[in-house]
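Hi,

Here is the structure I promised to pass on, with my notes underneath. Have a look at it first, then read on.

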Amino acid sequence: MHLNKVSLEARHISLSYGSTEVLRDVNLKIEPGEFFALLGPSGSGKSTLLRLIAGFNQHQRGELLVDGQDITGTPPHARNVGMVFQNYALWPHMTVWDNVAFGLVERRETKDAIRRKVGAVLELVGLAAYAQRRPGQLSGGQQQRVALARTVVIEPKLLLLDEPLSNLDKQLRVQMREELKNLQRKLGLTTIFVTHDQEEAMTTADRMAVLDKGILQQVGAAAGLYDFPVNRFVAGFVGTANLLEGEVTAVGGETLTFRVQGVGELTLPRPEVPPPLGAMALAFRPHQVSIRVRDEQVDASRLWLNGRVESAEFLGEFSRYRVRVGEVAMVTDQPHYAGLAMFAPGAEVRLGIEPTQVRFLDR
Amino acid sequence: MQRSLFTATAAAALAAACLTAQAGTVTVLTSFPKELTTAYQKAFEAANPGIKIEILNKNTTASVAYVRELPEGQRPDVMWASAPDAFEVLSSFSLLQSAPEVVNKSAPAKIGNYPLNDPKGMYYGQALAGYGISWNTRYLKAHKLAEPREWTDLLKPEYFGHIAISSPSRSGTTQLTVETILQGEGWDKGWAQLLEMMGNAAAVTDRSFAVPDGVNNGQYGIGIVIDFLALAGKYSGYPVDFVYPSMTAVVPANIALIAGAKNPDEAKKFMAYTMSVPGQQLLFDPKIGRLPILPYSMLKAPAGYPVPQDIAKRAKVQFDSQLSGARYPVVISLFDQMVTFRLKELQGATKAIHEAARALKAKPNAKGSELLAQARSLAYTPLVGAENVKNPEFLELFRKSRRDVAVSKQLTGLEQMWADKARANYERARELAEQARGMAK
Amino acid sequence: MQAAALRPGTAGPGPWIAFGLILAFLLVFLILPVGTVIYTAFVNEGGVLTLGHFANFFSQGVFRESFFNSLWVALAATFFASVIAVPLAYLTVRFEFRGALLIQTLGVLPLIMPPFVGAVALQLIFGRSGSVNLLLDDWFGFTIPIMDGLVGVTFVESIHYFPFILLNLVAAMRNIDGAMEESALNLGARGWRLFRRVIFPLAMPGYLAGAALVFVKVFDDLGTPLVMGVTNMLAPQAYLRITSVGVDDPLGYVISVIMIAFSILALWMAARVMKGKDYATLQKGGSALQKRRLSAWESALAYGWIVLILLVTLAPHIGILLMSFAKVWSFSVLPDAYTLEHYGTVFSDANHMIGNTLLYCLLAAGLDVVIGTAIAYLILRTQLPARRWLDYLASAALAIPGLVLAIGYLRLFKGMNLPFTDTPLVGTWVLIMLAYAVRRLPYALRSCMAALQQVHVSLEEAAQSLGATRLSTIRRVMVPLMAGGILAGFVTSFITAAVELSATLLLASTESQAPMSYGIYLYMQSISGRGPGAALGVLAVVVVGLGTYFSHRFVERSRATVQAKQEG
């Protein structure tokens with residue numbers, strides 16, 4: 001089965017419920033065949049946007065273009081956009097087979113065609129043996145596959161997935177992630193999926209868009225968002241970040257002075273494109289910070305700050321320390337090896353920040 | 001989708017229902033029970049294929065209201081009920097049509113002194129009924145009571161709490177019974193008797209049927225009923241019996257053609273049938289138990305069946321239906337306010353009076369007897385004097401429409417006054433009686 | 001996930017047409033008739049607004065008395081119904097009890113016997129000279145006048161309506177999460193204190209729902225007091241006024257308005273107390289209250305109580321059965337002799353009544369579920385403005401006594417003819433059927449709403465995303481998934497319509513139009529009709545009983561389907 005790849009473009013989409021603005025001037029272009037993620041916390045508008053694409057919500061302003069055609073007025077049943085719901089929405093009064101065949105029956109396909117297509121897609125998701133079961137008799141993962149099969153069999157233009165993995169337990173989630181990605185690659189369908197879990201987004205999507213309070217924050221590939229967040233929100237949402245508020249007080253030829261509130265002045269090497277003077281946040285990742293005992297020998301290429309350990313958590317792969325430097329708390333993750341002793345709360349330590357990895361965020 | 005299917009089905013059913021109701025149907029408005037109406041319906045339809053009888057069952061007062069509300073051409077064809085006053089009311093509103101051809105020439109013109117048919121020729125007697133006392137034999141036996149014979153027997157203290165009567169305002173036949181007593185004994189004495197009798201009542205029911213029903217199944221020991229209801233029970237196997245007191249009247253049950261009826265010609269056929277020999281013969285059915293208008297020489301009566309002419313001859317009362325009709329609203333309203341709605345207080349007073357009488361009989365005391373007489377007078381005097389009830393203006397007031405708020409107010413004011421006075425009288429009577437009792441030492 | 005019901009989708013003409021039709025139906029057959037009644041009560045002959053009629057009403061002792069009697073009887077019946085129902089509910093939910101099935105039956109038995117039918121039979125068993133009193137008098141020398149007057153009405157109504165409280169209370173108690181009780185136990189409360197401070201307050205909404213319903217139904221009941229010959233209550237007074245004085249008598253309307261007002265008051269008060277106290281706390285994965293075992297003597301007491309209630313509740317059924325086979329039953333504990341002829345009479349003379357009942361009630365129930373489903377759909381699945389009003393209007397029928405609706409019809413449609421014929425509308429059975437439909441609609445609507453609420457909207461959205469139009473979605477997904485609830489609503493409508501008497505009494509004119517309930521009433525008016533009347537009553541009970549049974553089966557089956565989905 002090889003399906004048409006379409007592009008999706010949202011232009012200046014705004015949607016309000018009464019006086020509450022849920023989506024504000026969203027502009028987005030999704031390329032044909034992309035596996036695209038909409039990422040954001042609850043209330044960010046990501047599900048609304050997805051349902052908008054499916055036709056269950058109506059935007060008040062803007063255009064929604066599929067392959068260049070504005071589908072704003074088209075009712076949901078005419079859009080040929082397949083949607084998999086968070087709770088799978090399998091019909092309990094029908095068998096797996098009938099569930100999957102539903103859309104084909106609606107399209108008045110011949111009995112033979114239906115038998116062929118349904119059979120094929122059930123094979124594809126590995127549930128051919130379960131055709132006569134009822135949804136109530138299936139596990140969560142199996143139900144999700146049926147939901148997928150049901151959507152895919154009608155050869156939709158787009159595949160929309162609304163938090164498809166959040167109802168599964170951790171093991172299953174990881175496994176289903178793989179399967180989803182494989183299926184999408186095989187079918188080549190343009191797929192948009194919504195999640196609040198950045199790990200999920202980062203591991204499956206080709207590109208992703210981060211939304212907060214209805215506003216599109218940043219769009220791009222995972223690495224781009226992780227390494228070069230455009231604002232505090234993205235920095236904090238995609239991965240964990242330390243954010244030091246302060247101001248750039250001086251920019252010299254080699255160095256740059258940054259005064260951190262509650263800590264003091266830091267001297268950093270000047271980046272190629274230096275930030276302007278003025279209020280700024282300094283952002284860096286916890287795993288980019290080293291932690292040493294106070295008077296140990298240190299790597300001079302890093303910027304060292306003295307601090308005291310407030311709390312220590314053991315997370316298996318790494319230990320996470322919360323260290324108070326001046327008036328500011330910073331988080332640092334240290335890879336863990338068997339035999340490596342942890343710092344105790346109260347210990348006097350030094351934190352080493354890797355200057356090439358810091359980012360300056362003005363928003 | 002589904003809804004349109006339903007509407008279509010419903011519309012079809014409607015059309016069918018309406019069509020069948022129209023052609024060759026005679027609608028009979030009656031308060032008679034099912035046994036009677038079904039018997040006549042079946043017999044008539046068998047003798048007259050092609051004509052259907054449709055029975056509308058409503059009690060007398062409801063029937064009158066019903067006919068008055070319908071426009072001409074929509075009304076039922078035949079009115080068939082016991083109480084003549086309903087026919088009087090309808091006649092006075094020009095809602096009846098004369099149909100003299102249906103009358104059976106062999107029927108006598110009078111029963112006793114009472115004309116069988118309306119002198120104005122608007123309605124005709126179809127069957128006869130008397131009023132009397134019925135009792136449940138098992139009940140009397142269990143309570144060791146003697147079988148009553150006359151109305152005055154019912155005043156005796158041993159019958160306290162065992163009698164049932166229906167309210168005259170709800171039952172045409174009871175109204176006639178009350179009128180019979182009033183006409184026979186006179187207004188004041190008649191009311192005294194009635195009130196004392198009602199003091200012994202266990203219940204004043206809303207429907208006339210509740211009384212014979214209650215006597216039949218032993219709920220009440222004695223009932224004041226129309227004869228056929230008691231006889232029907234007796235002949236159906238219930239342990240009941242019946243007697244015609246000498247103060248009774250034999251009064252016709254009537255049938256009439258309603259003005260503006262839908263199907264007058266076939267209606268007349270039905271009316272004639274009811275007065276014909278086969279139609280009259282149906283009355284002897286034990287479940288029906290009524291008295292025919294035709295002489296027994298023409299019919300085959302069961303052995304021992306009461307003969308209406310004999311009863312009428314024995315009857316001391318020559319019933320005046322004009323008088324009855326004229327004071328009808330006053331009588332029923334007065335009865336309700338003094339008896340029906342005040343039964344508890346009346347019972348209380350009567351009980352006290354009986355006990356005082358019994359105590360004084362054992363231990364006579366002059367003062368006590370005086371008090372007792374006072375108590376009796378208070379309890380058993382009607383609140384409307386004999387003179388007043390003859391006053392035409394007074395009677396006119398009761399005939400006015402209650403929809404007029406002013407009239408309604410006046411009438412209800414009057415009724416409220418009666419109610420309050422009655423309650424006060426019974427209370428006082430009870431006190432006096434208790435005092436009287438206390439004196440018997 | 002966001003509130004799935006918020007769907008500002010394009011409405012299209014379909015929903016608007018449905019809205020319009022339903023509104024028109026409710027307007028013509030509910031609002032206008034009731035409005036006419038209310039209007040007439042406030043207007044005098046000249047058409048001028050006046051409170052004169054009300055003043056008249058309250059100035060008359062007999063009406064004041066009727067008013068207080070109705071109030072008193074309704075309260076007393078609610079009280080006694082609670083006395084019967086609360087211990088039974090507690091026993092069912094709280095204890096490991098094999099008699100639980102018995103209690104469930106108890107919860108259903110009274111409902112399948114129309115109260116006015118039961119009243120007749122109860123006269124023979126509990127009446128002044130009834131079986132019980134004859135025995136008591138024989139053995140102990142005293143009698144219990146439990147069937148006299150207002151006490152009798154209270155008695156009959158209590159044993160007929162207690163299931164409303166029982167069923168609601170059991171459902172509410174079953175919904176209490178066991179964790180509530182466990183934390184209370186953990187904090188030291190147990191036994192009676194636990195019941196009083198935790199369990200009963202949490203179950204209160206259920207109790208109140210049942211109690212309010214009982215109050216309203218008893219307050220409005222016409223058949224029972226009429227059959228028992230008690231006329232000093234509001235409903236019989238209104239009936240008597242309208243039938244004897246005529247449909248123009250203003251006092252009948254005054255009474256109607258008072259009855260409506262009180263019904264609304266009772267329902268509103270119950271709703272207010274319940275507001276914000278929807279304590280359905282049982283979560284998925286939670287368990288219900290702990291069940292305990294009964295000690296030996298506790299068991300004996302419990303069984304004793306249940307058996308006593310069972311006997312009293314069964315008395316009307318047994319009585320009616322005996323009556324239907326009795327030749328003569330008078331002043332004796334049991335009938336003299338038995339016969340089958342009454343059933344013969346019924347089947348030869350009255351089978352048209354059975355047909356009528358089937359016709360009217362099937363049509364009415366069908367109408368109800370169609371409208372109910374449509375309203376549920378409009379409310380839960382569209383964004384039409386003022387759609388909630390359809391719910392309020394339809395549910396308002398709960399507060400309208402059947403008697404009042406009938407009066408309204410008689411007045412509003414007086415002089416109107418059936419379209420295309422010249423038969424007066426008030427003379428046809430159409431109004432009877434519509435009165436049934438309108439008054440049963442609230443129950444059908446609740447069933448349909450509950451059924452649709454169980455269908456997650458995503459199931460319909462999924463269908464739409466796969467290409468099904470609105471109509472196709474309704475047909476292939478929505479209605480099949482609602483089937484259990486719809487059928488339950490249909491059956492409930494049917495069986496309650498089958499034994500309705502209040503409106504029927506006023507609207508049925510001819511005997512050939514009479515449904516079974518009216519037929520029973522007619523039969524009971526004649527000496528030899530008691531037997532056939534009882535036989536017809538037995539048939540009515542059988543029909544209703546079967547209907548109830550099937551209704552439960554449908555609900556169980558649909559619940560199983562939905563639960564299976566949730567567990568999966």
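To start with a small puzzle: which residue is the bridge partner of B:Ile163 in β10(B)? Bear in mind while you look that this is a predicted model.

The partner is B:Ile222. That pairing belongs to a parallel arrangement in which β8(B) and strand β10 (residues 222–226) of chain B are linked over 2 bridges. β8(B) also has strand β9 (residues 201–205) of chain B as a parallel neighbour, joined to it by 4 bridges. There, B:Ile163 sits opposite B:Ala201. So much for the backbone pairing; the side chains of strand β8 (residues 163–166) of chain B are worth a look too. B:Ile163 and B:Ile165 point one way, B:Ala164 and B:Ser166 point the other way, and all of them are buried.

Staying in chain B, have a look at helix α4 (residues 84–92). Because 8 of its 9 residues are buried, this helix is largely enclosed by the rest of the structure. The buried set in α4(B) runs B:Pro84, B:Asp85, B:Ala86, B:Phe87, B:Glu88, B:Val89, B:Leu90 and B:Ser91, so don't be surprised to find B:Asp85 and B:Glu88 listed there. Just after α4(B) comes B:Ser94, which has a positive phi of about 55°.

Next, where chains B and C meet. Chain C puts 55 residues into the contact and chain B puts in 57. On the chain C side, the elements that each supply at least two residues are α2 (52–59), α3 (61–94), α5 (115–126), α11 (234–245), α15 (351–381) and α22 (516–523). α15(C) gives the most, with 5 residues. Sorted by class, the side of chain C that touches chain B has 28 polar, 19 nonpolar and 8 charged residues.

Last, chain A. This chain is divided into domain 1 (8–236) and domain 2 (240–361). Taken over C-alpha atoms, the centres of the two domains of chain A are 39 Å apart. How many residues of each are in contact with the other? In chain A, 6 residues of domain 1 touch 6 residues of domain 2. The domain 1 side of that contact is made up of 3 nonpolar, 2 polar and 1 charged residues.

That's what I have for now. Shout if you get stuck finding any of it.

Cheers

Terms used: Residues are numbered from 1 along each chain as its sequence is written. Chains are lettered from A and ligands numbered from 1 in the order in which they are written. This is a predicted model: local features need pLDDT of at least 70, side-chain atom pairs count only at pLDDT 80 or more; totals for chains, interfaces and linings use all residues. Two residues are in contact if their C-beta atoms, placed from the backbone, lie within 7 Å. Ala, Val, Leu, Ile, Met, Phe, Trp, Tyr, Cys and Pro count as nonpolar, Asp, Glu, Lys and Arg as charged, and the others, Gly among them, as polar. Domain bounds come from an automatic or database domain assignment. A residue is buried if 20 or more other C-beta atoms lie within 10 Å of its own, exposed if 12 or fewer, and partly exposed in between; C-beta atoms are placed from the backbone. Two strands pair if DSSP finds at least two bridges between them.
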